[in-house]
Amino acid sequence: MPRKKLVAAALSLFLSASLSAQDLTAITQEDASRILKTLSADDMQGRATFSPGIEKAADFIEEEFHQAGLVPLNGSSSSQGPSYRQTFYVYRFKPKQTDVKLAGKKIAPEKVLVSSGQERLEWKQKDKKEIIRIKEGDNFRTAFMEANAKEQDALVLIHPSHAEAFNMYKNRLDRGSIKRETGKGSSKVYLLTDQTSAKKYQVKFENTVERLELSNVVGMIEGKRKNEFVVFSGHYDHIGIQKPIDGDSIANGADDDASGTTAVMLLARHFMAQPQPERTLIFAAFTAEEIGGHGSRYFSEKLNPDQIVAMFNIEMVGKPSKFGPNSAYLTGFEKSDMGKLMQKRLQGTSYSIHPDPYPEQNLFYRSDNATLARLGVPAHTISSVQIDQDKTYHTVQDEFELLDMPHFTSMIKAIALAAQGVVSGEDTPLRVDKALVK
């Protein structure tokens, strides 16, 4: 056999032996089912942000972290024991009064959507706000996100052909939009109108403002390198109570994302059962992903991103992927070499990781990994859901009974194996180019 082939064969045998030597006994289908059933049970009320259900979920996750033996990230404790809560505050803005005129004609309130962290707005033509158009045929989601991301105030004219999408966003924001601060940031006023210009306009708007508490649940295993961090994360919130379907109104969020949060808890148990890791491991259950990623944003502010070596974010891994059994995909695969490092670690096993097959879904930016990726961290989301075909996403039908538990348990084992090189310090993913991340 040629020398190159001998070397390759030896490397393959070495990797296979290394992987098989790892103790995966802490990851069991029984535990996976117990935890996932609990998080997605009806008594969690869909884990909506600010609800009693999400508080119950946070208590459960804290207890699991405590039982696993994790250390609180912030080192805090109470009379009840260690506290894994990473608590912060946000503000909820709800529209109170809206009065908008365009070309001298009043726009009906149901055709006005305002996104603002100000208590009140009063715009007149002389203020010369930027005018943006979302035209017929435009991709509404993309155009809306681009407009909302602008740093300056803007009046956005939306063609009536986008009425359905506009109403979906309006219904959501009218229930209250969440901001980290008051009186900061730009304001956007969206109008559903067939007018194509705004030579004359007037805006009067007022919000009610409420201060609210949120908490991530975060624990860690201190490594030999105390200031090199590897993050395993998932979000534990979901969308709560919805319009009933066949008498069921609870959006249990079993796959989205009780599956990811369960994986984080079992990975914590797994790595606690191993020798002390080279790098410090952080296990984070994020809040408020569904309403803007506020939990991961706060988390990112508490660590130096240059010290975070990698983030394995886990979301919707309870159903088999299009690549077959024991497979998943990594969002933003091309933005670092973390996926390739994971693939190498899985050589010789029954597991596989693939590039994201749904780039049109923009999944890299739709989960908690995006916040840290924007800071240069190799932060990616591992998923297996066939998102283009999944009919239970964000519905009351996302329930435990629809998940494939053997597949799910395999996914947790696959992540443990694929991450081992990063955990041990043997692998260091390339940083994400911040200039290429939106």
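Helices (H or I, at least four residues) and strands (E, at least two) are DSSP runs, numbered from the N terminus. The model is predicted: local features need pLDDT of at least 70, side-chain atom pairs count only at pLDDT 80 or more, and totals for chains, interfaces and linings use all residues. Residues are numbered from 1 along each chain as its sequence is written, and side-chain values use heavy atoms, with hydrogens and water left out.

**View 1. His235 in strand β13.**
His235 belongs to β13, which covers residues 225–235. Its relative accessible area is 0%. His235 is therefore buried (under 20% relative accessible area; exposed is over 50%, partly exposed in between; 1.4 Å probe, protein chains only). Contact means heavy atoms within 4.5 Å. Leaving aside residues up to four places away in sequence, His235 touches Asp256, Asp257, Thr261, Phe286, Glu289, Glu290, Glu315 and Asp368.

**View 2. The parallel partners of β13.**
Two strands pair if DSSP finds at least two bridges between them. β13 pairs with β16 in the parallel sense, over eight bridges. Within that pairing, Gly234 has Ala285 of β16 as its bridge partner. β13 is also joined to strand β17 (residues 308–314) by five bridges, again running parallel. There, Phe229 is matched with Ile308 of β17.

**View 3. Strand β12 with β1 and β4.**
β12 spans residues 201–221, and two bridges join it to β1 (residues 71–72) in an antiparallel arrangement. Val71 stands opposite Met220 of β12. Strand β4 (residues 85–102) is joined to β12 by 17 bridges, and the two run antiparallel. Gln86 stands opposite Asn216 of β12.

**View 4. Strand β12 with β7 and β16.**
Strand β7 (residues 120–124) pairs with β12 over five bridges, in the antiparallel sense. Arg120 has Glu206 of β12 as its bridge partner. Strand β16 (residues 279–286) also pairs with β12 over five bridges, antiparallel. Val218 stands opposite Ala284 of β16.

**View 5. Ala263 in helix α6.**
Ala263 sits in α6, residues 254–272. It counts as buried because its relative accessibility is 0%. Outside the residues up to four places away in sequence, Ala263 touches Ile314, Phe408 and Ile412. Ala263 and Pro109 are 154 residues apart in sequence; their C-alpha atoms lie 44 Å apart in space.

**View 6. The setting of the close-ups: the whole chain.**
The chain holds 11 helices and 20 strands. Its C-alpha trace spans about 80 × 60 × 45 Å along the principal axes. The radius of gyration is 23 Å, which agrees with the value near 22 Å for a compact globule of 438 residues. That radius is taken over C-alpha atoms, and the globule rule is 2.2 Å times the number of residues to the power 0.38. Of the 438 residues, 53% count as buried. Among contacts between residues at least 6 apart in sequence, 85% join residues at least 24 apart.

**View 7. Surface and charge of the chain.**
The accessible surface comes to about 20000 Å², and 48% of it belongs to carbon and sulfur atoms. Accessible areas come from the Shrake-Rupley method with a 1.4 Å probe; for residues, only the protein chains shown count as cover. There are 56 positive and 56 negative side chains, with the centres of the two sets 7 Å apart. Lys and Arg count as positive, Asp and Glu as negative; His and the chain ends are not counted. The place of a charge is NZ of Lys, CZ of Arg, CG of Asp or CD of Glu.
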